[in-house]
Structure formats: C-alpha cells, structure tokens
Amino acid sequence: MTEATTGTKTGARLDAARMDAAPRLPVDRLLDDPGTRIIVCCGAGGVGKTTTAAALGVRAAERGRKVVVLTIDPARRLAQSMGIDSLDNTPRRVKGVDGADGGELHAMMLDMKRTFDEIVEGHADSERAEAILANPFYQSLSAGFAGTQEYMAMEKLGQLRAREDWDLIVVDTPPSRSALDFLDAPKRLGSFLDGKFIRVLMAPAKVGGRAGMKFLNVGMSLMTGTLSKLMGASLLKDVQTFVAAMDTMFGGFRTRADATFRLLQAPGTAFLVVAAPEPDALREAAYFVERLAAEKMPLAGLVLNRVHVSGADQLSAERALAAAENLEEGGIVDQESGNAGLRDSAAEADATDAGAAESGVDADVDEITAGLLRLHAERMQVIAREQRTRDRFTSLHPEVAVAEVAALPGDVHDLAGLRAIGERLAAGVPAGA
C-alpha cells in the first residue's frame with residue numbers, strides 16, 4: 001500500500017468519524033430560550049470552565065438576556081477578561097457589552113465567608129449574630145471547612161434566583177477533582193450542621209444555666225472527655241458556644257440545601273459539562289454525565305474546549321511526512337553535475353556564482369518547506385488522537401450533544417476574546433473542521 005493511499009484512507013476515516021459524531025449542542029437556542037434560567041458549567045479543573053461561563057454570559061447578554069455570571073474560580077481571570085478591576089460578592093455591571101437588544105451582563109465572584117456571614121445576619125438578631133461572627137469555630141468553618149465553598153455557591157445561586165433581577169444565571173462551579181464534590185458537599189455540610197453530633201453538643205445549652213453545666217459535667221463527661229482529647233478543650237468550648245448561638249438557624253441549612261438541589265433539577269436549569277480532548281478530562285466528563293443522570297439533573301451537553309484543527313486537513317500526516325522526506329533526500333543526492341572543463345572567463349565565473357547562490361536559496365526553501373510539512377504532520381497526528389479520544393466518549397454516551405471549541409493561539413483576556421469563544425460555541429464545531 002502506498003503512502004498516498006494510506007493518507008487518503010486516514011483522511012476518510014476522520015471524515016467518517018465526523019459524520020458519525022454526536023449531535024451538535026445548540027448553544028444559541030439554549031441561550032435564547034426564556035425558559036432557561038440557570039446554566040451550570042461543571043467539569044474537572046483546568047479545562048476552561050471559567051472562560052466558557054464568561055463567554056456564554058457575554059453572548060447571552062448581547063442576544064438580549066439579562067445575565068449574571070457567578071464564578072468560584074480563585075484565579076480571578078474572569079474579572080480581567082471582562083474589564084473589571086475586581087470581583088466580589090456583589091454583582092457588578094460589565095461595560096463594553098452590546099446591549100442594543102436590551103441585554104445586560106453582570107459578574108461576581110463568590111466570597112464564601114461573606115455569604116455565610118450574610119446568612120447569619122439575615123437569620124439571627126443583631127446580638128446573636130455578633131456572637132456568632134466573633135466565634136473562633138465559626139470563623140474557621142466559614143473560611144475553609146470542607147464543603148463550605150460548594151454550599152455557599154449554592155446558597156448564593158439561590159439568593160440570585162430569588163431576586164429576579166436577571167433572567168439568566170451562569171454558574172462557574174468550583175474546581176473540583178471529583179464530580180461528587182459539587183453535588184454532595186452542600187448536602188454534607190447541611191447534614192453536619194443539622195446532624196446528631198451538633199444536636200448532642202446543643203443539648204447542654206438547651207438545658208440552660210447551672211443545670212446545663214451539671215448535665216454536661218455528669219451526663220456527658222465520658223463523651224466530652226473523649227472529644228476534648230480529640231479536639232482540645234478550647235476548641236470544644238468554641239464549638240459548643242457556636243452551637244448554642246446557632247440553635248435557631250440549624251434547620252434552615254438543610255432546608256436551603258434541599259431547596260437549591262431541587263432548583264438544580266428543575267426544567268429551567270441546564271448543565272454543561274466542560275472538558276478538553278484529553279483522556280483524563282473526558283473520563284472525568286463521562287463520570288459527570290453519569291452522575292448528573294443518576295441525580296436526575298438536566299444535562300444540556302458537552303463543551304469540548306481546546307480542540308486542535310487544521311485548515312489543510314485534506315493533506316494527511318502520512319503524505320506530509322513522505323513529502324518532507326522527499327525534499328530532504330533531494331537536497332542531499334539531487335545535485336547538478338560539476339563542469340569538467342576549465343572556466344577561464346569572467347562571464348563563466350559570474351554564472352557559476354549565481355548558480356551556486358540560486359542553489360543555496362533552493363536548498364533553504366526546501367528545508368523550510370520540509371519543516372513546515374513535518375509540523376503539519378504533527379498537527380494532524382494530534383487531531384487524529386483527539387478524535388479517537390472523543391470517539392471513545394461519544395461511543396459510551398451517544399445521546400450527549402457536543403460543541404467543540406478550537407484551541408486559540410493565546411489566552412483569552414478581553415471581551416473580544418470571549419466573543420470569539422462564544423461564536424465557536426454557537427458554531428458547535430471548530431473552525432477548519
């Protein structure tokens with residue numbers, strides 16, 4: 001079989017794979033649908049969730065929606081790309097967005113401690129709120145307790161949805177290593193704050209006064225002695241003080257977590273799983289898809305970022321390598337024969353010098369061309385590898401709609417870059433494919 005035939009068959013296989021690809025994700029239809037009220041971008045870390053969320057927000061706003069983008073990404077790239085000096089727990093209007101169709105774009109970054117503080121201030125009287133906010137255990141819990149970030153993200157989502165100031169909320173989820181974190185952490189934290197352990201610690205405070213201390217010292221001496229060894233007496237006291245102050249609020253945590261979970265399952269919510277065309281990222285994406293299905297979450301589709309493309313994919317890797325080898329071999333053996341006679345005239349000498357110069361230029365051109373052909377071959381090999389990886393995902397989940405976004409030459413750092421990403425998202429296939 002010749003190199004050309006092999007190359008032709010490789011190209012045919014790629015074309016066939018594209019024709020047999022998963023359904024295309026209708027991004028514009030999703031954004032334009034007034035019934036779509038929440039879009040949640042989820043996926044493994046480092047796959048472009050923040051950029052995707054921001055690009056969706058810009059495109060939706062410029063198509064007439066009133067949008068707020070909630071990001072939990074600690075890198076703060078969203079603020080830079082949207083031209084905002086800083087993002088905080090309050091939505092800020094993004095300037096430079098075309099609002100000719102009545103759309104607006106706001107953006108904010110979750111401050112999980114401030115969100116927790118707002119819950120306390122909104123559900124406790126001023127004296128009790130002050131005691132809670134000053135409690136050392138509360139300060140540790142609100143700043144970094146496992147699951148707090150995810151719980152507060154869902155709390156903030158519920159707050160934004162209740163305000164009715166925006167008709168579309170785009171959520172950039174925390175950079176989790178596992179799909180379980182985003183869906184389970186709010187329930188875990190809600191269960192902890194409303195669980196048996198907290199209720200046991202609350203019991204002495206409910207008895208009150210000296211009776212409570214007597215109950216603590218006599219009825220619970222064994223348990224508190226063990227806890228003191230594990231936690232330290234000072235921390236145990238802080239926890240008990242915190243529990244006593246939070247007594248009237250505990251039921252609300254579970255209630256709000258359950259309400260937000262139901263909100264995520266509602267028809268107005270759409271989940272987008274974001275991934276890169278790499279084996280690890282797509283394995284994680286497959287897990288997200290399966291978990292969302294198990295939880296009855298409405299999945300809109302998969303966004304495949306950083307897909308490599310070529311505008312000359314009719315030239316296969318095999319043919320490009322063969323052409324490069326021919327050029328390189330020709331530069332070594334295909335030289336013109338030397339002259340046997342003597343050159344004793346100036347004209348002949350000039351002609352020889354010119355020929356040598358021309359030969360040198362040709363050699364340089366051949367070398368550059370061969371190098372470019374090899375670069376093209378490497379690009380085509382990457383494209384083929386990414387296609388195989390994607391095909392494995394679509395064979396397992398053929399029902400999942402896919403939008404591919406071509407890899408850009410640099411980072412996205414402004415609204416123009418976000419618009420370009422939005423256009424590629426809406427197209428559903430990378431330019432050049």
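Let me start with strand 1, residues 38–42, and strand 5, residues 168–172, which pair in the parallel sense over 4 bridges, and I should say at once that this is a predicted model. Within that pairing, Ile 39 of strand 1 stands opposite Val 170 in strand 5. Packed on the sheet is helix 8, residues 148–163, which touches strand 1, strand 2, strand 4 and strand 5, and whose direction makes about 165° with that of strand 2.

Stepping back to the whole sheet, 8 strands form an open sheet in the order 3-4-2-5-1-6-7-8, with mixed pairing. Strand 3, at 92–93, and strand 8, at 402–406, stand at the edges with a single partner strand each, so one side of each has no neighbour in the sheet.

Now to strand 7, residues 299–307, which holds Asn 305. Is Asn 305 buried or exposed? It is buried, because its relative accessible area is 6%, and the cut-off for buried is under 20%. What lies by its side chain is the backbone oxygen of Val 47, 3.0 Å from a polar side-chain atom of Asn 305. Leaving aside residues up to four places away in sequence, Asn 305 also touches others, among them Gly 48, Thr 52, Pro 277 and Val 405.

Finally, the nonpolar packing. The largest nonpolar core has 95 residues, and those with the most contacts inside it are Met 82, Leu 105 and Leu 302. Leu 302, again not counting residues up to four places away in sequence, touches residues including Leu 25, Val 273, Phe 393 and Val 402. A second, separate core of 8 residues includes Ala 317, Ala 370, Leu 373 and Ile 383.

How values were computed: Residues are numbered from 1 along each chain as its sequence is written. This is a predicted model: local features need pLDDT of at least 70, side-chain atom pairs count only at pLDDT 80 or more; totals for chains, interfaces and linings use all residues. Side-chain values use heavy atoms; hydrogens and water are left out. Helices (H or I, at least four residues) and strands (E, at least two) are DSSP runs, numbered from the N terminus. Buried means under 20% relative accessible area, exposed over 50%, partly exposed in between (1.4 Å probe, protein chains only). A polar contact is a pair of N or O atoms within 3.5 Å; within protein, one must be able to donate a hydrogen and the other to accept it, and residues adjacent in sequence count only if both atoms are side-chain atoms. Contact means heavy atoms within 4.5 Å. Two strands pair if DSSP finds at least two bridges between them. Axes are lines fitted to C-alpha atoms, for helices over the stretch in contact, and angles run from 0 to 180 degrees between N-to-C directions. A nonpolar core is a set of buried Ala, Val, Leu, Ile, Met, Phe, Trp, Tyr and Cys residues joined through side-chain atoms within 4.5 Å.
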